[in-house]
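User: I am new to this structure and would like to understand it step by step. Could you guide me through a series of questions?

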Amino acid sequence: MSERTATEQLNALFYRFQPMLVAFANRYLRSEEEAREAVQDVFLGVWNNREHLQLDESLRSYLFTATRNKALNYLEKRKIEAVPLDAVHLQQSSGPGVEEQLQAEETKAVIFDEVSRLPERCREVFLLSRSEGLSYREIAERLALSEKTVENQISIALKRLRARVYGGGGSGNLLSLALLWLLLFFLQKTGFALGVAIVNPVVNQ
Amino acid sequence: MENNYNDIEAIIIKSLERQASAREEQVLQDWLRQGDKYQHHYEEVRALWEAARDVDFNLDPDTDREWESLAAKLPAAALTGRGKVLRFQNWRFAAAAIVLAGLLGLITFYFTRPGGPAIAQEFSTPLGERKEIQLADGTLVALNAESRLQVLEGFDGKERRLRLEGEGYFQVSTDAGRPFIIETEGARVQVTGTAFNLNAYQENTSVRLTVTEGSVRFSAPKEEIAQPVTAGNAAEMDRASGKIRSIPFDQRATAWQKGVLVFANTPWPEVVSSLERHYAVEISDETELQDKRYSAVFDNQPLEETLKVMQATLGFEAERKDGRLLLK
């Protein structure tokens, strides 16, 4: 592999994963700056080992594990300082529940990433609801939207998060969803009972 | 009864936050009763909502800047991590490899024409004219006078490749998965989505890049490591040596789109070429200003006015002769 394609691959990998890895590392370190630094160390490690690694999506779990280890190293180094109380439970490196914990933190990192990719308005509505705890009515007033639109945007945000995290039906499926509803409608009209039985479970997946 | 469950997620969350009305709770219960799948769906939304509470959405990963600082460390790293050297175990392998290489060469010969990939589309501008183009991916290009932009075969595929002679201002549609690459004589620019000006006229000794949005990777055509140039920065590459150096960012680098002619410490021969292009005249330069540099801004001035101003400071004479402009 030539150096150029390797740097290009590293660049693609970096842009794909750096944001969520920083969010992930920040859960351990509670320091934006250190989190970014740790992630950069991880990618430098990837570069130095590029002969033995495949610089693509398959590196995902490697990246998360490496970032976690790097973050724990950082915590170790500053052990004289107080470790944030709510980060303590993240610090065990082995034992029961660690795998689940890692999984949960990875999910949060993906949520961070997906929310940052939401359309502006949708993200705004989601954050006012989740981070600021505003009711739909309050959000509607604040942004001069109808409550219906707010509900709609919240649903879009959650559909996308769900598609990204669980691979379920997300907003990308809205079109096929609409088509299925049409089909369902048609089948009901024509009294095609079997059709309803087949289509119905799929529609709300 | 007609119930549209399109916004069921919003109702689930309202219910989790204990803000749902009795009627909404009823809708949710009806929806859940449809089966296990719906229970499962509910659980996923609940888990996501809970997990999102712990997420710091104000965090700034600062990806562009972080990449730059990482990229700056790569050349050194590349030196320490040497590439693998292929060694042939015996002559049979070597012979097979040579035959294979020959075959590949033949295939390459048949599938690529001399001079690289085929040209799918070409845009060009004559002297004194500018053009705005929208490419298939939505990218907007303003092409300055006497320039040529070639869209290479496969632009709609994995890589968006173009070739530029002259000058263009690019507003590139974002598509991280499909790098946008412009090749020019002596330099190469790669981006995903951003806006920048690229001045690559053949007669200039350097290629100049001015970035107004996002980040651009600038390199010699065969260079391994690209230099990142971010918004508000400019760089030039010396065509002969391939060296890149940063130059002061000048907002006016893109002013040509509005018919503004900008000279900022510009070498005289380049000034003359610009005049030729901008005013669509042929110029015979017999002045002794070859080593001089010139700075001035001409906002949509007719040629006569521009010349008058230049003559006043540089002290040359201009006359029309056989449809050409003679400077002496």
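Analyst: A salt bridge is a side-chain nitrogen of Lys or Arg within 4 Å of a carboxyl oxygen of Asp or Glu. The model under discussion is a predicted one.

User: Which residue forms a salt bridge with Arg33(B)?

Analyst: Side chains of opposite charge can pair when their charged atoms come close. For Arg33(B), the closest N and O atoms of the pair are 3.3 Å apart, and the cut-off is 4 Å. Arg33(B) itself is exposed, with a relative accessible area of 60%, whereas its partner is partly exposed at 27%. That partner is Asp30(B).

User: Is Glu319(B), which forms a salt bridge with Lys328(B), buried or partly exposed?

Analyst: The closest N and O atoms of Glu319(B) and Lys328(B) are 3.5 Å apart. Lys328(B) has a relative accessible area of 43% and is partly exposed. For Glu319(B) the relative accessible area is 32%; buried would require under 20%, and exposed over 50%. Glu319(B) is therefore partly exposed.

User: Which residues do salt bridges that share partners join into one network?

Analyst: Over all chains, the structure holds 38 salt bridges. Some of them share partners and so connect several side chains of chain A. The network consists of Asp113(A), Glu114(A), Arg117(A), Arg160(A) and Arg164(A).

User: How are the rings of Phe14(A) and Tyr15(A) arranged, stacked or edge-to-face?

Analyst: A pair of aromatic rings is described by the distance of the centres and the angle of the planes. The count of such pairs comes to 14 over all chains. In the case of Phe14(A) and Tyr15(A), the centres are 6.2 Å apart and the planes stand at 70 degrees. Because planes over 60 degrees apart count as edge-to-face, the arrangement of Phe14(A) and Tyr15(A) is edge-to-face.

User: Is Phe14(A) buried or exposed?

Analyst: The neighbour in its aromatic pair, Tyr15(A), is partly exposed with a relative accessible area of 27%. Phe14(A) has 0% relative accessibility, and the limit for this class is under 20%. Phe14(A) is therefore buried.

User: How many residues apart are Phe155(B) and Phe180(B), which form an aromatic pair?

Analyst: The rings of Phe155(B) and Phe180(B) are edge-to-face, at 6.2 Å centre to centre with 80 degrees between the planes. Phe155(B) is buried at 6% relative accessibility, and Phe180(B) is buried at 0%. Phe155(B) belongs to the loop between strand E4 and strand E5 of chain B, while Phe180(B) lies in strand E6, so the pair links distant parts of the chain. Their separation is 25 residues.

User: Which ring does the charged end of Arg130(A) sit over?

Analyst: A charge over a ring also occurs within chain A, where Arg16(A) lies over the face of Phe17(A), 4.8 Å from the ring centre. The charged end of Arg130(A) is 4.4 Å from the centre of a ring in chain B. That ring belongs to Trp49(B).

User: How many contacts, beyond near neighbours in sequence, does the stretch of residues 186-205 of chain A have in the model?

Analyst: Chain A has a mean pLDDT of 78, and 71% of its residues reach 70 or more. Over residues 186-205 of chain A, however, the pLDDT is below 50. Where pLDDT is low, the predicted coordinates should not be read in detail. With that reservation, the number of contacts for this stretch is 25.

Definitions and conventions:
Residues numbered from 1 in each chain as written. Chains lettered and ligands numbered in written order. Heavy atoms only, no water. Phe/Tyr/Trp six-rings, centres within 6.5 Å; stacked < 30°, edge-to-face > 60°. Buried < 20%, exposed > 50% of the residue type's maximum accessible area, 1.4 Å probe, protein only. Helix = DSSP H or I, 4+ residues; strand = E, 2+ residues; numbered from the N terminus. Lys NZ or Arg CZ within 6 Å of the ring centre and 35° of its normal. pLDDT = per-residue confidence, 0-100. Contact = heavy atoms within 4.5 Å.
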